[in-house]
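Please open the structure in your viewer and keep the selection panel at hand. The tour below proceeds stop by stop, naming what to select and what is to be found there.

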Amino acid sequence: VGGFVYTHMKSLAESRMPVDQKISKACQKALRLCKPFDLGIQYSHSRKLQAIDDSLEMGASVDIQTVGDKRSVLPRAATARVNVQGLGFSLNLLETGVRATGVQTMVDSIYSSKKSVFDSLKKKSKHSSQEYRDSPRSESSQRTLQNIEAEKSQLNIKSKSEEDPSAQIYLRRFGNELTFQNIDSAL
């Protein structure tokens, strides 16, 4: 969330659109107090691309926003918005967006036949961990491990289940929704 807020404020601060002047100045002041975020591609971002004619005080902008997921390099959601601004008005020409869940699961299932270095490291780690648990230890450490295992079983901790692949796609023109498609794994 912090990365998205920071990049959104930064794109607003850099905005030269006449409609954004007040918020641009406020964001420039606020950014002086903020800690810069650059967490990587898998985190949320906001970007704004602009073309402006200062003599006519008109311009166009494209806002691109992605919402990331820590567990995947692929974004969970993305939107793109084209705005035209002039004569003191702002017009949202076109907006499109995609929200997808379970995409990483689908990609993993496609490439699951190929073994990666991480799979062998994971297997080796599990094996060495099991050897450590089975090795002879002092009585107190054995009791401690038994207590931990007992508390773990009482907590009833379950692994997070993998999400079924699904997606939602929408398209808007002038702020009115033209289409909304829901695509699920049953297709």
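Begin by selecting strand 4, residues 89–101, which supplies three residues to the nonpolar patch, the largest share. The model before you is a predicted one.

**First stop: the nonpolar patch**

Now select Val 84, Leu 91, Leu 93, Leu 94 and Phe 174, which together make a nonpolar surface patch of about 380 Å². Phe 174 is found in the loop between strand 5 (166–173) and strand 6 (176–184). Is Phe 174 buried or partly exposed? Its relative accessibility is 46%, so Phe 174 counts as partly exposed.

**Second stop: the whole protein**

Release the selection and display the complete chain as a cartoon. The protein has five helices and six strands. Followed along the sequence, these elements appear in the pattern α-α-β-β-β-β-α-α-α-β-β. Of the 187 residues in the protein, 19% are buried. If a surface is displayed, its accessible area comes to about 14300 Å², with 57% of it belonging to carbon and sulfur atoms. Among contacts with a separation of 6 or more, 49% join residues 24 or more positions apart.

**Third stop: a hairpin**

Select strand 1 (residues 45–53) together with strand 2 (residues 58–69); the two pair in the antiparallel sense over nine bridges. Which residue of strand 2 stands opposite Leu 49? It is Val 62. The two strands form a hairpin with four residues between them, and Glu 57 in the turn has a positive phi of about 50°.

**Fourth stop: salt bridges**

Side chains of opposite charge can pair when their charged atoms come close. The structure contains six salt bridges. Select Asp 54 and Arg 16, whose side chains meet in one of these, at 3.5 Å from N to O. Asp 54 lies in the loop between strand 1 and strand 2, and Arg 16 in the loop between helix 1 (2–13) and helix 2 (21–31), so the pair ties together parts that are 38 residues apart in sequence. Asp 54 is exposed, with a relative accessible area of 52%.

Move next to Glu 95 and Arg 81, which form a salt bridge with their closest N and O atoms 3.6 Å apart. This pair links distant parts of the chain, for Glu 95 belongs to strand 4 and Arg 81 to strand 3 (residues 72–86), 14 residues apart. Glu 95 counts as buried at 7% relative accessibility, whereas Arg 81 is partly exposed at 22%.

Then select Arg 172 and Glu 177, whose side chains meet in a salt bridge at 3.8 Å, N to O. Arg 172 is partly exposed at 28% relative accessibility, and Glu 177 is likewise partly exposed, at 45%. To view the wider arrangement, add Lys 48 and Asp 63 to Arg 81, Glu 95, Arg 172 and Glu 177: these residues are linked in a network of salt bridges.

**Last stop: the cysteines**

How many disulfides does the structure hold? The number is zero. Select Cys 27, which is in no disulfide; the nearest cysteine sulfur, that of Cys 34, is 8.9 Å away. Why is there no bond between the two? The sulfur atoms of Cys 34 and Cys 27 are too far apart for a bond, because a disulfide requires sulfur atoms within 2.5 Å. Cys 27 is buried, with a relative accessible area of 8%, while Cys 34 is partly exposed, with 31%.

Key:
Residues numbered from 1 in each chain as written. Predicted model: local features only at pLDDT ≥ 70, side-chain atom pairs only at ≥ 80, totals over all residues. Heavy atoms only, no water. Pairing = 2+ DSSP bridges. Buried < 20%, exposed > 50% of the residue type's maximum accessible area, 1.4 Å probe, protein only. Contact = heavy atoms within 4.5 Å. Areas by Shrake-Rupley, 256 points an atom, 1.4 Å probe, with all protein chains shown as cover. Patch = residues over 30% accessible without salt bridge, like charges linked within 9 Å, V, L, I, M, F, W, Y side chains within 5 Å. Salt bridge = Lys/Arg side-chain N within 4 Å of Asp/Glu carboxyl O.
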